[in-house]
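Here is a short report on one protein chain. Look at the strands and helices as you read.

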Amino acid sequence: MQPNTHPIRGGPANELSDVTPVLLSHVHGDPDVLRVLLARAAEASRPGGRRDPHRVALVVGGGGMRGAYTAGMLRALHRAGLRSGFDEVYGASSGAFSAAAFLVGSAEAGAAAWPEDMASRRFIDLRRLGTGRPVVALDHLVHEVLAHRKPLAWDDLAPSRAPMRVVATDTADLTAHTLAPVSVPDWQRALRASASIPLLAGPPVEIDGRRWIDGSVGEPLAVLRALRGGATHVLALLCRGTGDLHADADARLSLWARALDRLVPGLGSVAQGSRRYGRDLRLVTDAAHPDRGPAHLLAVGPARSAGIGSLTIDPVAVADAVRIGEESTARAVQGAADQR
């Protein structure tokens with residue numbers, strides 16, 4: 001199989017056939033995705049009024065405080081004028097919060113919230129372990145940060161012409177699904193559900209008689225879901241660089257992580273996040289992958305590491321992660337623009 005691995009400034013895929021896919025650079029896949037977005041921006045295209053036949057999806061992965069990278073990436077897309085080029089948006093876990101902010105035009109505030117409001121013990125405090133209170137205070141994020149400090153225009157989410165799909169995991173079998181919120185309380189509950197992890201970020205959230213936890217447990221990147229929904233072009237944003245990914249694309253969770261998942265649904269999966277992107281990236285980079293068909297897929301990750309983890313609250317390091325994400329995506333967009 002010939003991998004369709006285009007570094008943005010590189011040559012065509014057939015020049016790279018002797019290179020291992022996935023680990024080439026921070027940009028993986030087909031830059032045509034960005035070229036379509038740039039063309040739409042140039043003609044001021046909007047959802048529902050396209051001149052091209054494409055359906056472009058944005059997929060934002062989660063990763064706790066590593067979501068600072070993707071928040072910076074979304075700010076770069078916003079500053080490049082590409083927000084209106086997407087026809088639908090998928091978000092899981094922390095990525096769902098940032099994707100929602102991006103979708104309603106608040107990517108700037110969404111990125112600023114990471115070092116200014118979330119990198120603090122009010123949001124994450126390991127000392128709360130064993131106290132009955134979650135280490136990660138989603139209440140602080142939803143009802144303080146997004147309500148007062150960096151207000152989110154919740155009412156604009158439902159009527160958006162580019163629908164937002166919130167990915168959450170059913171605790172019954174740890175499979176991922178998309179939630180369909182309508183009202184503001186529905187949106188708040190859905191975003192909480194997509195980020196909840198028992199013992200870490202609060203108990204499962206009950207919606208429609210089912211109990212939901214972090215969407216990235218069942219589906220780290222909703223690329224295949226976007227394809228099955230009719231997307232012809234998919235841009236996936238990663239909160240892990242190539243150095244943070246497991247070398248084996250088929251690596252399964254370790255025995256201890258799977259055992260932990262049985263005891264506390266989702267906790268083991270989250271603890272071994274580096275193992276959970278390989279198959280999704282293979283879908284992006286392998287042009288012969290049986291699940292992708294003729295679709296154009298691109299994934300962008302951070303070009304370098306800020307040295308943060310899922311529970312990091314150092315505001316300097318978190319701000320660096322936001323900058324890295326923004327710079328990484330801006331380079332990818334500029335590279336695609338240079339090739340037009």
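Start with one pairing: Ala-57 has Glu-88 in β3 as its bridge partner. The model is predicted. Ala-57 falls within strand β2, residues 56–60, which is joined to β3 by 4 bridges. The two strands run parallel.

**Strand β3 and its neighbours**

β3 also pairs with strand β4, residues 164–170. Again there are 4 bridges, and again the strands run parallel. Here Tyr-90 stands opposite Arg-165 in β4. The two pairings are set out below.

| Strand paired with β3 | Bridges | Direction | One facing pair |
|---|---|---|---|
| β2 (residues 56–60) | 4 bridges | parallel | Ala-57 and Glu-88 |
| β4 (residues 164–170) | 4 bridges | parallel | Tyr-90 and Arg-165 |

A helix belongs to this picture too. β2, helix α2 (residues 67–79) and β3 form a β-α-β unit, and that unit is right-handed.

Why is β3 described as largely enclosed by the rest of the structure? The strand covers residues 88–92, and 5 of the 5 are buried, so the rest of the structure largely encloses it. Buried here means under 20% relative accessible area. Both faces of β3 are covered. Glu-88, Tyr-90 and Ala-92 are buried on one side. Val-89 and Gly-91 are buried on the other.

**Helix α3**

Helix α3 spans residues 94–103. How many of its residues are buried? The count is 10 of 10, so the helix is mostly covered. Among the buried residues are Phe-97, Phe-102 and Leu-103. After α3 comes Gly-105, with a positive phi near 85°.

**The nonpolar cores**

The largest nonpolar core holds 77 residues. Which residues have the most contacts inside it? They are Leu-58, Leu-77, Met-164, Leu-235 and Leu-237. Helix α12, residues 315–338, supplies the largest share of this core, with 8 residues.

Take Met-164 as an example. Leaving aside residues up to four places away in sequence, Met-164 touches Val-89, Gly-91, Ala-96, Ala-99, Ala-100, Leu-103 and Trp-187. Val-89 and Gly-91 are on one side of β3. Ala-96, Ala-99, Ala-100 and Leu-103 are buried residues of α3.

A second core is separate and has 21 residues. Tyr-90, Leu-221, Leu-227 and Ala-299 are included in this second core.

**A buried aspartate in a loop**

Where does Asp-286 lie? Asp-286 sits in the loop between α11 (278–285) and β9 (296–300). Its relative accessibility is 9%, so Asp-286 counts as buried. A polar atom of the Asp-286 side chain lies 3.0 Å from the backbone nitrogen of Ala-288.

Conventions: Residues numbered from 1 in each chain as written. Predicted model: local features only at pLDDT ≥ 70, side-chain atom pairs only at ≥ 80, totals over all residues. Heavy atoms only, no water. Buried < 20%, exposed > 50% of the residue type's maximum accessible area, 1.4 Å probe, protein only. Polar contact = N/O pair within 3.5 Å; in protein donor to acceptor, adjacent residues only side chain to side chain. Core = buried A, V, L, I, M, F, W, Y, C linked by side-chain atoms within 4.5 Å. Contact = heavy atoms within 4.5 Å. Pairing = 2+ DSSP bridges. Right-handed = clockwise from strand over helix to strand, strands pointing away.
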